[in-house]
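This report goes through selected helices and residues of one protein model. Please keep the sequence and the coordinates at hand while reading.

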Amino acid sequence: MRARATPVNISLPWGTLAGLHWSRPGAAKVLCLHGWLDNAASFVPLSSFLKDFDLLALDSAGHGFSCHRPATSRYYLPENLYDLDAALDVLGWETCHLIGHSMGGSVASAFAAALPERVDRLVLLDAVGILTLPANQTAQQLRLSMQSVRKNRSILRPYESVGEAMQARQKKSPLSDAAARLLCERSLEHTGDYYQWRTDPRLNWRSPQWFTDDQALDLLAAIRAPTLVITSPAATEHFGDDTLHQRLAAIADCKHISDDGHHHFHMEQPQHIGICITEFLQQQDHSKQRENGHDNS
């Protein structure tokens with residue numbers, strides 16, 4: 001049986017971030033960040049196997065039950081970093097462990113590089129740093145960004161049932177019915193006539209500028225937190241063997257595990273992934289105990 005999560009709302013100056021909190025006072029604090037167009041429910045299966053932690057999974061801005069950004073705002077990577085820093089302040093969490101999947105892993109790794117004093121340990125699920133483009137594609141990326149903003153769709157496609165939305169979601173990733181339902185139910189609202197995505201359509205706007213590979217390596221090299229990276233074949237296909245190894249080598253203290261599942265392996269193999277994460281995070285807890293003179297082993 002899964003542990004029951006408590007819905008949370010974190011008020012920030014621009015709006016509210018929603019989330020799911022498996023509260024365990026006194027336990028090590030863990031904050032989970034989901035992938036693009038997913039939501040906090042991405043971590044529901046994993047939560048049953050992270051029972052030793054005070055676990056909070058956030059809906060990023062424009063996703064799940066979180067507010068959409070103001071009309072004059074954009075959904076680009078740095079904004080998520082500022083949100084995360086502000087959310088930790090509201091929670092009163094000076095530091096925590098970070099777990100990030102896909103886009104959430106990019107955010108988590110960049111945050112760990114920018115504010116290393118706030119991250120105890122870092123877990124990246126099918127993510128190894130930020131997305132990049134070669135410098136010679138700068139003009140093309142800006143052009144694509146301008147074109148995507150011009151489209152300015154006000155709503156996303158409606159569906160007659162949750163099942164129809166699930167099928168659409170499964171076309172993008174080979175999710176099981178159970179995993180697809182978890183994500184869709186938190187992303188959909190019933191209008192009376194049909195099911196509509198809560199997701200902000202502006203999330204489909206392309207970023208005007210991406211970092212380069214050299215900049216990505218500089219960020220990874222700035223991470224001080226011990227880091228666990230778990231990748232699926234999708235990560236190898238995306239980065240290529242050479243770039244993947246180069247990125248892993250850039251992280252000073254990094255453990256890498258290759259998983260043979262698909263991109264959402266943390267939802268489909270939660271027990272295996274949960275055991276790997278728990279063992280990794282508890283190494284930090286034990287080392288802190290020794291530092292404080294409380295190791296009873």
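The text below covers one helix, a helix pair, two backbone outliers and a few individual residues.

The model is predicted, so local features need pLDDT of at least 70 and side-chain atom pairs count only at pLDDT 80 or more, while totals for chains, interfaces and linings use all residues. Residues are numbered from 1 along each chain as its sequence is written, and side-chain values use heavy atoms, with hydrogens and water left out. Helices (H or I, at least four residues) and strands (E, at least two) are DSSP runs, numbered from the N terminus.

**Helix H4**

Helix H4 spans residues 138-151, which gives 14 residues. From the first C-alpha to the last, H4 reaches 21 Å, close to the 20 Å expected at 1.5 Å a residue; the expected span is 1.5 Å times one less than the number of residues. Gln141, Ser145 and Ser148 are the buried residues of H4, where buried means under 20% relative accessible area, exposed over 50% and partly exposed in between (1.4 Å probe, protein chains only). These residues lie on the same side of H4 because they cover an arc of only 70° around the axis; the arc is that of the directions from the helix axis to the C-beta atoms. On the face turned away from this buried side, H4 carries the exposed residues Ala139, Met146 and Arg150.

**Helices H5 and H6**

Two packed helices are described by the angle between their axes and the distance between the axes. For H5 (residues 162-172) and H6 (residues 177-187), the axes come within 9 Å and cross at roughly 110°. H5 is therefore roughly perpendicular to H6, a class that takes angles of 65 to 115 degrees, with under 35 counted as roughly parallel, over 145 as roughly antiparallel and the rest as oblique. Axes are lines fitted to C-alpha atoms, for helices over the stretch in contact, and angles run from 0 to 180 degrees between N-to-C directions. Contact means heavy atoms within 4.5 Å. On the H5 side, Val162, Ala165, Met166, Arg169 and Gln170 meet residues of H6, among them Asp177, Ala180 and Leu183.

**Positive phi**

Most residues other than glycine have a negative phi. Ser102, which is not a glycine, has a positive phi of about 55°; Ser102 lies in the loop between strand S5 (96-101) and helix H3 (103-114). Asp126 also has a positive phi, near 55°, and is placed in the loop between strand S6 (119-125) and H4. Asp126 counts as buried, at 7% relative accessibility.

**Individual residues**

Three residues are listed here with their elements and relative accessible areas.

| Residue | Element | Relative accessible area |
|---|---|---|
| Arg247 | helix H9 (residues 241-250) | 2%, buried |
| Ala216 | helix H7 (residues 213-221) | 1%, buried |
| Lys255 | strand S10 (residues 254-258) | 43%, partly exposed |

Not counting residues up to four places away in sequence, Arg247 touches residues including Val128, Ile130, Thr132, Ala216 and Phe239. With the neighbours within four places left aside, Ala216 is in contact with Ile130, Thr132 and Arg247. The C-alpha atoms of Ala216 and Ser109 are 9.9 Å apart in space, and the two residues are 107 residues apart in sequence.

Lys255 is in contact with Thr227, Leu228 and Val229, again leaving aside neighbours within four places in sequence. Lys255 and Val229 are 26 residues apart along the chain, and their C-alpha atoms are separated by 6.2 Å.
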